[in-house]
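This report considers one residue in its surroundings and then the chain as a whole. Please consult the sequence and the model while reading.

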Amino acid sequence: MAQAYQVRIRAAALENLKQARQDLRRQLGTAQVGAKLESLTPQEAGELANTLLTFLDCVDSVITRAKPVE
């Protein structure tokens, strides 16, 4: 049977996660992402990598708060 988890986060953490997701979507777009990635300059690729790392940090801060529901 699958285990259920509960996550409690503050409003600021949720807003940080939403903002990081929005920043990624702004940089990548929502269509033809592969073509977009291939056309990035080294500077744009570096900015995208930093945005992705920020997003992963936000996700990690949420995931580490997950607690099994009893």
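Val62 counts as buried because its relative accessibility is 16%, under the 20% limit that defines the buried class. The model from which this value is computed is a predicted one. Val62 belongs to helix 3, which covers residues 42–63. Leaving aside residues up to four places away in sequence, Val62 is in contact with Val7, Ile9 and Leu17. For the pair Val62 and Ile9, a sequence separation of 53 residues goes with a C-alpha to C-alpha distance of 6.9 Å.

Contacts between distant parts of the sequence also figure in the overall count: of the contacts in the protein with a separation of 6 or more, 82% join residues 24 or more positions apart. The protein contains 3 helices and 2 strands, arranged along the sequence as β-α-α-α-β. Its radius of gyration is 16 Å, whereas the globule rule gives 11 Å for 70 residues, so the protein is more spread out than a compact globule. Along the principal axes, the C-alpha atoms fill a box of roughly 50 × 30 × 15 Å.

Further values for the whole protein are tabulated below.

| Property | Value |
|---|---|
| Buried residues | 14% of the 70 residues |
| Exposed area of the protein | about 5,800 Å² |
| Share of exposed area from carbon and sulfur atoms | 54% |
| Distance between mean positions of the 9 positive and 8 negative charges | 9 Å |

Val62 is thus placed among the buried residues by its 16% relative accessibility, and buried residues make up 14% of the 70 residues in the protein.

Terms used. Residues are numbered from 1 along each chain as its sequence is written. This is a predicted model: local features need pLDDT of at least 70, side-chain atom pairs count only at pLDDT 80 or more; totals for chains, interfaces and linings use all residues. Side-chain values use heavy atoms; hydrogens and water are left out. Helices (H or I, at least four residues) and strands (E, at least two) are DSSP runs, numbered from the N terminus. Buried means under 20% relative accessible area, exposed over 50%, partly exposed in between (1.4 Å probe, protein chains only). Contact means heavy atoms within 4.5 Å. The radius of gyration is taken over C-alpha atoms; the globule rule is 2.2 Å times the number of residues to the power 0.38. Accessible areas come from the Shrake-Rupley method with a 1.4 Å probe; for residues, only the protein chains shown count as cover. Lys and Arg count as positive and Asp and Glu as negative; His and the chain ends are not counted. The place of a charge is taken as NZ of Lys, CZ of Arg, CG of Asp or CD of Glu.
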